[in-house]
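Grab a pencil and work through these exercises with the structure open beside you. Try each task before you read its solution.

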Amino acid sequence: MTEQTEHLLALKVMRLTRPTLVSSQIVTAEAKDLPQNTFDKILRGTATTVQGAETLTAGQMMLLPQSFGNIYLGETFSSYVCVHNCRAHPVSSVTVKADLQSNNTRISLPIHVDKEGPQTLNPDETMDDVIHHEVKEIGTHILVCEVSYMTPAGLETSFRKFFKFQVVKPLDVKTKFYNAETDEVYLEAQIQNITVGPICLEKVELESSEQYTVVPLNNLPTGESVFSQRTMLQPQNSCQFLYCIKPIAEILNDPKALKAANNIGKLDIVWRSNLGERGRLQTSQLQRSPIEYGDLRLAVTEANSTVKIGDAFDFRCRVTNTSERSMDLVMHLNTKTKIGCGYTGQTEISLGPLEPGKFKDFGLTVCPVRLGLITISNLQLTDVFMKRKYEFDDFVQVFVVEEDYNEEEFQLDKYVRYSIPQTA
C-alpha cells in the first residue's frame, strides 16, 4: 500500500509468508452448447494451464499471498517494511518505528537496528528492513508503522499506517489426569489439528515442574515410537500422547508436600505446516486434582508380578499417618470373611506408635490357591487409642501361574497393581 501523495515518502508493508497451493479449475463446453468455444479461449489464456492440453489439469501451482490474512498462534509473524523517497530532492531525519498491538499488549518491534540515528534518503533511495515476532496471543493484532522525517522547510512530519490481521488457534489440546495406585500420575494429552491443512508434529514433550520427573510412554519396548517416523495430522485429526509423572524423592515421603504439589508441568509442542512453516506452542501450567487423604494412607512398596501356585507371595506395604494426631496401630489381614478368596493366610501385627506425617513399613505373606489374577483385600488397621478401624480393599494384585511356568516362553507384563492412595 502506498501512502497519500502529500507526503514526501512512500511506505510499503508486505507480510512475508509461504505461498499456498491451488489447483486450476477447468470448465469446458461443447461447440454446440451456448458458450461454444468461449471457455476454451479463457483456458488458453490462463497461466495455470498447459498449452495444447488446456483441458488437462497440471497439478497444483503456487499462489502468492494476496493480503495479510490470518496467522496461527505460535508461528512467527514476518513482515517487510519499505520506505521510499519518491521526490526529486533529499529527505532528511528519516526514522521508522513498528509496533504490534493486540487486545492486551503493545510491543515495539526492533527495526533498522543496524542504523544509528535518523537517515537521509536521496531521490529514489529506499530504506527497508524485515521484522519478526512470535505471536503468543489469540485475537486481533494491528501492525502500526510510523514514519517520521524533516521537510525541506524544517518541519517535523510523521504519518502512520495500520495493518490488521487475526491470530487464530492451530491446535486443540485436551488433557486428562489419572492418579495411579502409587504416587505416580499418568497424563493423556490429545492434540487435534484445527488448521485448514495438514501439519507435522516435530516435538511433543512434557516439561515437568521441580516437584516431578517425567517418563514418556510413547515408545515400544524396542525403543521405536508408537507413531510413524513423522506424525502427520490431517485437518480435524488428532493423536494421543501418554506420560508418567513421578514425585521427586524429597516430597515422596512427605504427605503434606505431596498434597500441595499440584503443578505437573507444561506441554511443549513444535509443528510444521505442509510447506515447512514452523510453529511452537507451550501450554500453561498443568495441574493435577488435589489429593485428599484421610487419617491413614496405605501403599505397596515391593511386590512380584507373578508367583507360582502353592508358593508364598511376599510383599511389603507402607502405612503413613496423614492425620494431625498420634496413633497406636494394629494391622490385621483376614481371608476367612471373603467368599471365593484366591489365597490363604492370616496375619496380625502390632505396628506400634505412629506420629503425624511419619510412616512404617511392614511385610505380609499369603499363599495363592488358584490360577489367574488374584486380588489381596480385607486389610484392617486399628487405632488402639481411638478404637477406630480403617479398612483397605483391593490394594495389590498378583498373577498366579502353574508350577511348570517358563518365564522365557511367556513374557508377562507387570500385573501388580499397587495400591491407590487409600484413605479411611
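**Exercise 1: Build a sheet**

Strands β24 and β26 pair in the antiparallel sense over 7 bridges. Work out which strands make up the open sheet around them, and in what order.

*Solution.* Before we start, a word on the model: it is predicted, so local features need pLDDT of at least 70 and side-chain atom pairs count only at pLDDT 80 or more, while totals for chains, interfaces and linings use all residues. Residues are numbered from 1 along each chain as its sequence is written, and side-chain values use heavy atoms, with hydrogens and water left out.

Step 1. Sort out the terms. Strands (E, at least two residues) and helices (H or I, at least four) are DSSP runs, numbered from the N terminus. Two strands pair if DSSP finds at least two bridges between them.

Step 2. Find a landmark on the β24–β26 pairing: Val330 stands opposite Ser350 in β26.

Step 3. Look at the next pair. Strand β29 (residues 379-383) and strand β30 (residues 388-392) are antiparallel partners over 5 bridges, and here Leu379 sits opposite Phe392 in β30. These two strands form a hairpin with 4 residues between them, and Lys387 in the turn has a positive phi of about 55 degrees.

Step 4. Put the pieces together. The open sheet has 4 strands in the order β26-β24-β29-β30, with antiparallel pairing. β26 (347-354) and β30 are at the edges with a single partner strand each, so one side of each has no neighbour in the sheet. From one strand to the next, the twist averages 20 degrees (axes are lines fitted to C-alpha atoms, for helices over the stretch in contact, and angles run from 0 to 180 degrees between N-to-C directions).

**Exercise 2: A charged residue inside**

Find Asp328 and decide: is this residue buried or exposed?

*Solution.* Step 1. Place the residue: Asp328 lies in strand β24 (residues 327-333).

Step 2. Check the burial. Asp328 is buried, where buried means under 20% relative accessible area, exposed over 50%, and partly exposed in between (1.4 Å probe, protein chains only).

Step 3. Look for a partner. A salt bridge is a side-chain nitrogen of Lys or Arg within 4 Å of a carboxyl oxygen of Asp or Glu. Asp328 has none, and the nearest side chain of opposite charge, Lys360, is 6.9 Å away. (Lys and Arg count as positive, Asp and Glu as negative; His and the chain ends are not counted.)

Step 4. List the neighbours. Contact means heavy atoms within 4.5 Å. Leaving aside neighbours within four places in sequence, the residues in contact with Asp328 include Gly352, Pro353 and Thr382.

**Exercise 3: Track down salt bridges**

How many salt bridges does a search of the whole structure find? Pick out a few and see how exposed their partners are.

*Solution.* Step 1. The search finds 11.

Step 2. Try Arg106 and Asp99, whose side chains meet at 3.3 Å, N to O. Arg106 is partly exposed at 44% relative accessible area, whereas Asp99 is buried at 12%.

Step 3. Go on to Arg272 and Glu202, with their closest N and O atoms 2.6 Å apart. This pair links distant parts of the chain: Arg272 is in strand β18 (residues 263-273) and Glu202 in strand β14 (residues 199-208), 70 residues apart.

Step 4. Now take Asp268 and Arg280, where the closest N and O atoms are 3.2 Å apart. Asp268 belongs to strand β18 and Arg280 to strand β19 (residues 278-282), so the pair ties together parts 12 residues apart in sequence. Asp268 is buried, at just 1%, and Arg280 is partly exposed, at 29%.

Step 5. Finish with a network of salt bridges, which links Asp295, Arg325, Asp383 and Arg388.

**Exercise 4: How confident is the model?**

What is the mean pLDDT of the chain?

*Solution.* Step 1. pLDDT is the predictor's confidence in each residue, from 0 to 100. Its mean here is 80, and 78% of the residues reach 70 or more.

Step 2. Spot the low stretches: pLDDT stays under 50 over residues 1-5, and also over residues 409-424.

Step 3. Round off with the whole chain, which has 3 helices and 31 strands. Of its 424 residues, 39% count as buried.
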